[in-house]
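Please read the following report with the sequence and the model side by side, and look up each part as it is named. The report begins with an enclosed space and then moves outward to the chain, its helices and some of its loops.

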Amino acid sequence: MNETTAPRQPLAYRPEYESLEDDEAQTTRELMEAMQRIRETVARDEGHAFRSVHAKTHGILHGTLEILPLPDTFAQGLFARPGTHPVTLRMSSTPGDLLDDKVSTPRGVALKILKTEGARLDPADGLQEQDFLMVNGPVFNAPTARKFLKSLKLLAATTDKAPNAKKLLSAALRAIETVVEKAGGESATLKAMGGHPATNPLGETYFTQVPLLMGPYMAKLSLAPAAPQLTALKGAPVDLSQSTHALRDAVSSYFAAQGGTWELRAQLCVDLQQMPIEDASVEWSEGLSPHVPVAILTVPAQASWDNARSPAEDNELSFNPWRGLEAHRPIGSIMRVRRPAYPAGAGFRQRFNAGRSPKAPDPAE
């Protein structure tokens, strides 16, 4: 007779679970400088300021988030009671320069949930918004803030360098990643360098990768396709040779004809050794603590990108995981060092783009 293992109880957050890295303040300063170099390089080349990471937008969508009835451990903060909220969703790729989609990198989703109530991380912002930022992989590409800075400096040094060479490198890395995945593996490093498989971003599951508070507990969130039309797109190929904006075209084609639903899920920390707070490169085990649906995101059919309208909306939008409720404060060194980068980036874009027409892609591309 098999024994059934009782679910483990979530750990309550304690301040000592977070530990400052050596020279964390210096890491923060250098990270700000690297991000500013990326922003300035792209702004100089494009005549328009973009985000220093996730610069290229594949779609902007509007829908609703329905909070589900939940047990007490999950009914925290935004999820404390059932209800619905308007949502804006932005789909993107990770680089800070506007690359051809033939340079295939990890994809991101940013969620802005409106009309949220509760004590805020920054009461002075006067907003009722909760932002969650996610990437389509369960772990961050660096374990510590210092190592993240090292990779960001490399990104800053190669921004706007040899775009054609990047396309060739990406094709080679995708071929290697295909071999790795056929053998049952997966390489976050290869994907980050441009070896992400040429698949439809709508079939992906997205993860916060780094932890945040869930009321008195600690959690990571994920966003997973729920509608059969979306789950059918998992691993579905996209022909990157058809357009420099092949991913944007794929998203637009889908939402022009139909809508979709996703599950927003939470995974609670139950073991600090196996589910660390300060090492973002460790995947939290589903066996220890599964992702539990806490809300349903519904997006109706709509124009996900319009050259006449969307650039202006994209220019106005900003996402910041530190913009939200105290109950969902980001935790860990990766998030601490990035905190000042978000308002700095939004401020640079606002100042540089003031009085300029929004940048739209060349329709002939």
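## The largest cavity

The residues that line the largest cavity are Lys-56, Ser-93, Pro-95, Asp-97, Leu-99, Asp-100, Asp-101, Val-103, Ser-104, Thr-105 and Leu-247. The volume of this cavity comes to about 80 Å³, and a search of the whole structure finds 2 cavities of 30 Å³ or more. Rolling a probe the size of a water molecule over the atoms is a way to show where empty space is left.

## Confidence in the model

The structure shown is a predicted model, and it should be read together with its confidence values. The chain has a mean pLDDT of 88, and 86% of its residues reach 70 or more. Over residues 165-171, however, the pLDDT is below 50, although this stretch has 16 contacts in the model beyond near neighbours in sequence. The pLDDT is also below 50 over residues 173-177, a stretch with 19 contacts beyond near neighbours in sequence.

## The chain as a whole

The chain contains 9 helices and 9 strands, and of its 365 residues 53% are buried. Its accessible surface comes to about 16,600 Å², and 54% of that surface belongs to carbon and sulfur atoms. When contacts between residues at least 6 apart in sequence are considered, 77% of them join residues at least 24 apart.

## Helix H6

Helix H6, made of residues 246-257, has 12 residues, and the distance from its first C-alpha to its last is 17 Å, close to the 16 Å expected at 1.5 Å a residue. Its buried residues are Ala-246, Leu-247, Arg-248, Ala-250, Val-251, Ser-252, Tyr-254 and Phe-255. Leu-247 has already appeared above, as one of the residues that line the largest cavity.

Which elements do the buried residues of H6 pack against? They pack against the strands S1 (57-67), S2 (83-93), S3 (107-113), S8 (260-268) and S9 (292-299), and also against helix H5 (228-231).

## Helices H1 and H9

The 23 residues of H1 should span 33 Å at 1.5 Å a residue, and because the end C-alpha atoms of H1 are 33 Å apart, the model agrees with that expectation. The buried residues in H1 are Glu-24, Thr-27, Thr-28, Glu-30, Leu-31, Ala-34, Met-35, Ile-38, Arg-39, Thr-41, Val-42 and Ala-43. After H1 comes Gly-47, with a positive phi near 70°.

For the 13 residues of helix H9 (residues 341-353), the span at 1.5 Å a residue should be 18 Å, and the end C-alpha atoms are 18 Å apart, so the two values agree. Buried in H9 are Ala-341, Tyr-342, Gly-345, Gly-347, Phe-348, Arg-349 and Asn-353, and what covers them includes helix H1 (24-46), strand S4 (130-135), helix H7 (310-316) and helix H8 (333-338). H9 is followed by Gly-355, where phi is positive and near 85°.

## Two residues with a positive phi

Most residues other than glycine have a negative phi. Asp-23, which is not a glycine, nevertheless has a positive phi of about 60°, and its place is in the segment before H1. Asp-23 is exposed, because its relative accessible area is 56% and exposed means over 50%.

His-54 is another residue that is not glycine and has a positive phi, here near 55°, and this residue lies in the loop between H1 and S1. Is His-54 buried or exposed? At 17% relative accessibility, His-54 counts as buried, because buried means under 20%.

## Buried residues in two loops

Thr-116 lies in the loop between S3 and S4, and with a relative accessible area of 3% it is buried. Leaving aside residues up to four places away in sequence, Thr-116 touches Leu-78, His-85, Gln-128, Glu-129, Gln-130 and Leu-325. Thr-116 and Leu-325 are 209 residues apart along the chain, yet their C-alpha atoms are separated by 8.2 Å.

His-328 is found in the loop between H7 and H8, and at 1% relative accessibility His-328 counts as buried. Again without residues up to four places away in sequence, His-328 touches Gln-76, Gly-77, Leu-78, Phe-79, Gln-130, Phe-132, Leu-212, Leu-213 and Met-214. Leu-78 and Gln-130 are thus among the residues touched by Thr-116, and they are also among those touched by His-328.

Methods: Residues are numbered from 1 along each chain as its sequence is written. This is a predicted model: local features need pLDDT of at least 70, side-chain atom pairs count only at pLDDT 80 or more; totals for chains, interfaces and linings use all residues. Side-chain values use heavy atoms; hydrogens and water are left out. Helices (H or I, at least four residues) and strands (E, at least two) are DSSP runs, numbered from the N terminus. The expected span of a helix is 1.5 Å times one less than its number of residues. Buried means under 20% relative accessible area, exposed over 50%, partly exposed in between (1.4 Å probe, protein chains only). Contact means heavy atoms within 4.5 Å. pLDDT is the predictor's confidence in each residue, from 0 to 100. Accessible areas come from the Shrake-Rupley method with a 1.4 Å probe; for residues, only the protein chains shown count as cover. On a 1 Å grid over the protein atoms alone, a cavity is a set of points where a 1.4 Å probe fits but cannot get out, and a pocket is an open set with protein on both sides within 12 Å along at least five of seven lines; lining residues have an atom within 4 Å of a point. Grid points are joined across faces, edges and corners, and a volume is the space filled by probe spheres set on the points.
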